Each structure stands twice: as structure tokens, then as C-alpha cells.
Amino acid sequence: MITGITLLSTILMLDTTATEPQRLDEVVVVSRAQGQRRSVKGQVASIDEHLKELKNVSLVRRGSYAWEPVVNSMATERVSTTIDGMKIFYACTDKMDPVTSYVESGNLQSILLNSGLNGNPQATGNIGGSLDLKLRKAGFNGDAFHAGADVGYEANGHLQVYGADASVSTKSFYTNGGVFYRHADNYKEGGGREVNFSQFQKVNAFDNFGFRLSQQDAIEGTFIFDRATNVGYPALNMDVAKAEAFITSLSYRRQWEERLVQSWETKAYYNHITHIMDDTKRPDVQIHMDMPGKSWTAGLYSLVRAAKGIHELTANYDLYYNRLFADMTMYPGGAAPMYMVTWPDVGTLNTGAALTDHIRLNSVSSFHLSGKLSWQHQRLNNDEGYKALSVFFPGMKQQYHQTTGRIAISYQWTMDNGQWIIGSGWGSRAPTVTEAYGYYLNNTFDQYDYIGNPRLRNESAIELNTSYQLSIINSQLSIGFDANAFFFTNYIIGQFEPRLSAMTVDAEGVKVYGNISHATIANFSLTSQWQIQPWLTWNARLGYSLGRDDEGVALPLISPFVYNTGLSIRLGYFQGKAELQGNARQNKYGKKYGETPTAAWTVCNLSATYAWPHITLRAGVENLLDKRYTTYADWCDIPQKGRNIYMNLSFEL
């Protein structure tokens, strides 16, 4: 059952690479298709704004660009993010460039979320969940020709958005490509004060193509180039001079009808990311630093879908090799430059096999089983970085290997007026390159320098989850509840080391990543939607999360009580929405981990859309009352935007 725009239940969705449904927990549509769950700003919205529509997702904000997705109160380390199944790894030691920052709305069809350990087949280490950004492909037998253009403007920060794309489709060939450009100046917080170093500009170009070799066989390819420059980060000590990505893939797909095996897809891909930090525009820099980072990833996966009787099976094999290298050169005035390797050119070879089975017991109940086993080998290719880390860990090896896995099971019971799902799972993950091999990485959140620990044990967790949705009053009112809890063993987190001295000026000290015996994270949400009249809809959501370490102390970046409610109207070509959203005061904050409390806040947003044939106009105002506020996920308490009036136009031919 799909409960209106909340989409809390499992969603069955067809994509261009498969002939049968894929089981999802949430989906947000990015393309121009109407009538689906999507941002009120439409295709002009940023990827971050689309991600905000997913109820299990929050976003850590270090500036006005490239927010870090957090799924089920877990950040990048415990979340797998792929682009059309491709593994991509950020190149910044400060996580300024999450994978989501290297795509654009003009090239995306949807963002798919699998919550918790029930990950998509290509996901690895996805204790919190997995995000897959599905590219928008024209497909075979589509419109012979289609073209579109988007232009948008936001008053706060003078954000300008320009985009254009076009596609051609025949029975045997298709291609669609386009260019998107964004430019923003510093924005203003509530009350009108300018937030310095919050500017950015970005260009993204893409092309997707396909050749049909026969009725059953096709070859498809993807090319993406993304370049962001002059990106400010007010919550950090440095900005970004350039973040550049080259992403490409080539796949072969074969489909069958009325056979045990329904489809087979094999994809090979390569991506290269360059990230260069910059502090030259900051005033009063005590020690100028150059901090470049690079990431290279090559990989493949082979996915087979089959159906037999009550079983719908998916088998996947994937393999990737990634290299991460970052260094830093400091230029103290009047002294010789100092050089340090912060990621010691770590090469990671990872291979794994996944299997899922959706078992339809009868017309009202089904089981969903999924599992994956992965093996990983890592080597430190930079001798200087290896020797520097060896000072703190004598006898450490230059090569390591880990075995990780996950298994999940859920039972679904569908009633005439509702649905109930209960599930559980176990999964583990290997330490990230930062957690295992990072060297004196400064964290402005708690003002500590961090050092990796190559002797970390794999982290693991048991997940319990349930959801229940009920539709009443002739299906005009729907109510949903869902909850999950994760019980961690060997939870990885930075721990203060008093014997070491900080290297960064004004840092509080040094933390070394370590395992604590256990930790717990739990999330709860309650949603409702009421179709008051055919033209009037009310919806609301309440959410709460908690996290505790082995001493009962609150973990950082855990959401307090959050709420959102709104009224939507639809009259012919016109749609409008009035919305209230906010957080309660964050009283249970992680003081031990450098977190500070945040005050309660509420903001009001208004939006309207008018869609003529081939032209759509959108306008609205965010933070109507120009309130100054900061959320729990705003790094170093940087304020959110004040009142922001926006307008955009989309054209289609």
C-alpha cells in the first residue's frame, strides 16, 4: 500500500534496466514526471533538496553546498551511496564532497532508499542504509525527440540555476544529454546578516546512450563530468578551489520473456575525483595549507534476476578497486614548508556476492530475504604515510584484509485496509580509510585532530524494525508508524588520547579511532495523510531518534523531536502548499563528543505551481518570517538561510 506522498510502505517500481519490480523502502522522483513524490522546486531543486523528501534521511550541512546524507541517524561511514549501482568514493578528508554532490537533477530519474541492512545488491557496509541515484535514460521506443530547459532564481544568496537537456529515441538507439549550471553568492541568515564563505558555482554535463543489438540484447553507456569551483564552507577552516569528477560506465543487458531467468546485466565503470581545498581567501590565516585529495575507482557488477513459482530471485556479483590519496603542505611564515600524508594512497580491492529472495506465500503475506558476503584487501602504497602511522602503531602491517557480511529478513502482511512489516538483520562493516589510516585530520566539529587506527576490529550491528500502516474512512485517512533499532558491537568512534599533542593551531587535542564495546541507535516516526476534499490534502509527520554509547552518553548528531505538517491544494493546473516544520530543543546532546545544544525552532514555507502544457512555473518562499535558527545537523552551528523567495520555469518540447 502506498499512503499518498509519504510513501512509507514498500514501493514497487519499474526501472529501465529490469522487467520486474524492485523492493524499496522509499523513493523520491527527480525527473520532470508529475504526480510523484518530489521537491516542490521541481527539477531545479538541488540533490540535497530532493534528499530532504526522504523521511529516513537527514543532512549534515557545512555550508550551502554538498550536504552529507545521514540515513537512520548514521553518516557516510555506515551508509552505501551508489550512482546507478556504481561505487564512488569521496576525495576529501573533511567529507566536503559526498557522492551525491557529483550528479545533477537534470540527469536523475529518482533516488532510491533501502533502509538499514536490507541494502541494494551493490551496497557494502550499509548498516544504516543505502542510497542509489538512478540516472534518467531516454530508453528505447520513447519520444522520438524531447527537449527541456530550466531556469531558476533564489533571492537569498542570488542563486541562479540554468539547465538544458535533450533526448532522441528509436527502436534500436537512444541518447539523452544535457548541461546544468548553478551559481550562488553568500546567503543571509534570519535577520539579514550575511554568512561569509557560503558561495559556490558548479557545472555538470552528462550523456546517456543505448544501442539495441537485438530484441533481447542492449548495450548502454554513461558519461558524467561535474566541476564545482569557489565553494565556501563557513563551518570549516578552509574552502574548496575545485571539486571535479569524471564518471563513466558501459553495460550489457539481456532480457528474456517467460523463462526462469528474466534479465542479466553486467556493468563496468570507472570514476576519478579530484578535490583541492583552499584557504587563500580566508582572513588572518596563521599557516597557509594546500590540501589536495584524489579518488580513483574501477569496478564491475553482474546482476541476474529470476522468478520461479513463489520466488523472485536476484543474484549479484560485484568487484571494485579504489585508491585514496591525500596530503598536506603547510607554509609557516619564515620557515621551510612542512609536508604530511593524510591518506597514505590506500588501495582497496573489494569483491562480494549478494542474493535476495522475495517469497510470496499467498495473496496477503510474503517474506523478503537478503544477504551479502564481501572480502576486502587493502594496501598502503605510500611509504611515507605508512612510516608516519607506524610511529603510533609499531609493527603495523602494510597490507590488511577483512571479511564482512549482512543478512536480513522481513515478513509482510497486507490487509484490506493496511499493511504490517516486521524485520530483523545482522551486518558488519570494515573501518573506512579515514578510521583506519587517517593521519592528523582536523575535525572542526569538536576541534580535535584525528588519527586512524589500523588495528580496529570490524563493526557489527543487529537491526530490529517494524512498520504499520492503516487506511480508514474510505481510504481518505492513512496513518503510518515505523521504528527501527540498531544494537552495535565494536562501534567505531574517536577517543581522546592525552599522550599525543595536536598539530592544528587551536585544536583541543588528539583523538584516535577505537572500538567501544557497544552502542545503540533507534529511530521512530509517525505519519498521517488526510484527503479532506478531492482538492485539499493534509499531511503530518513526527519523528524522534536516540543514540547512546557504552557509557549511556548521547552520541553526536542524533535528531531531537522533529515535526512537519502541511496543507496542499490542487485545482486544475494549480497546486499550492503551506507547511510548518521544526525541531524541539536538543537536550540530549553528545557533550562528550563536542556537541552543543540547539534551541527549538519552527519555520513556515509557502509554495505554488502552475503547469501549462509544456511550461511549468513554480514560486515560493522559505522561512517566511525570516527566523534565525540552527538545526542539530548544522556543523559548528552555522545558521540556516533567512527568508528566501524563489521562482523557476521549466520548458518542454
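This is a short dialogue on reading strands, a helix and a buried side chain in a predicted model.

Visitor: Let's start with the sheet. In what order do the 5 strands of the open sheet come?

Guide: The idea is to follow the pairing from strand to strand. Here the order is β3-β8-β9-β6-β7, and the pairing is mixed. At the edges stand β3 and β7 (86-87), each with a single partner strand, so one side of each has no neighbour in the sheet.

Visitor: How many bridges join β3 to β8, and how many join β8 to β9?

Guide: Strand β3 (residues 26-29) runs antiparallel to β8, with 4 bridges between them. On the β9 side, 7 bridges join β8 to residues 129-135, again in an antiparallel arrangement. To find your way in the viewer, look for residues that stand opposite each other. Between β3 and β8, V27 faces L112 and V29 faces S110. Between β8 and β9, S115 stands opposite G129.

Visitor: Is strand β8 largely enclosed or left open by the rest of the structure?

Guide: Counting buried residues gives the answer. In β8 (residues 108-115), 7 of the 8 residues are buried, so the strand is largely enclosed by the rest of the structure.

Visitor: Now a helix. Which residues of α2 are buried?

Guide: In α2 (residues 383-390), the buried ones are G385, Y386, L389 and S390. Their arc around the axis is only 140°, which means that they lie on the same side of α2.

Visitor: What covers the buried residues of α2?

Guide: The cover includes two strands, β19 (338-360) and β20 (365-380), along with α3 (433-437) and β24 (448-451).

Visitor: And which atoms come together at the start of α2?

Guide: There, look at N382: one of its side-chain oxygens comes within 3.1 Å of the backbone nitrogen of E384.

Visitor: Last, a single side chain. Is N322 buried or exposed?

Guide: For one residue, check the relative accessible area against the 20% cut-off, under which a residue counts as buried. N322, in strand β18 (residues 311-331), has a value of 2%, and is therefore buried.

Visitor: Which polar partners does the side chain of N322 reach?

Guide: There are two to look at. The side chains of N322 and S295 share a polar contact of 3.2 Å, and the N322 side chain also reaches the backbone oxygen of W296 at 2.9 Å.

Visitor: What else does N322 touch?

Guide: Leaving aside residues up to four places away in sequence, N322 touches F89, S295, W296, T297, V346, G347 and T348.

Technical notes. Residues are numbered from 1 along each chain as its sequence is written. This is a predicted model: local features need pLDDT of at least 70, side-chain atom pairs count only at pLDDT 80 or more; totals for chains, interfaces and linings use all residues. Side-chain values use heavy atoms; hydrogens and water are left out. Buried means under 20% relative accessible area, exposed over 50%, partly exposed in between (1.4 Å probe, protein chains only). Two strands pair if DSSP finds at least two bridges between them. The arc is that of the directions from the helix axis to the C-beta atoms. Contact means heavy atoms within 4.5 Å. A polar contact is a pair of N or O atoms within 3.5 Å; within protein, one must be able to donate a hydrogen and the other to accept it, and residues adjacent in sequence count only if both atoms are side-chain atoms.
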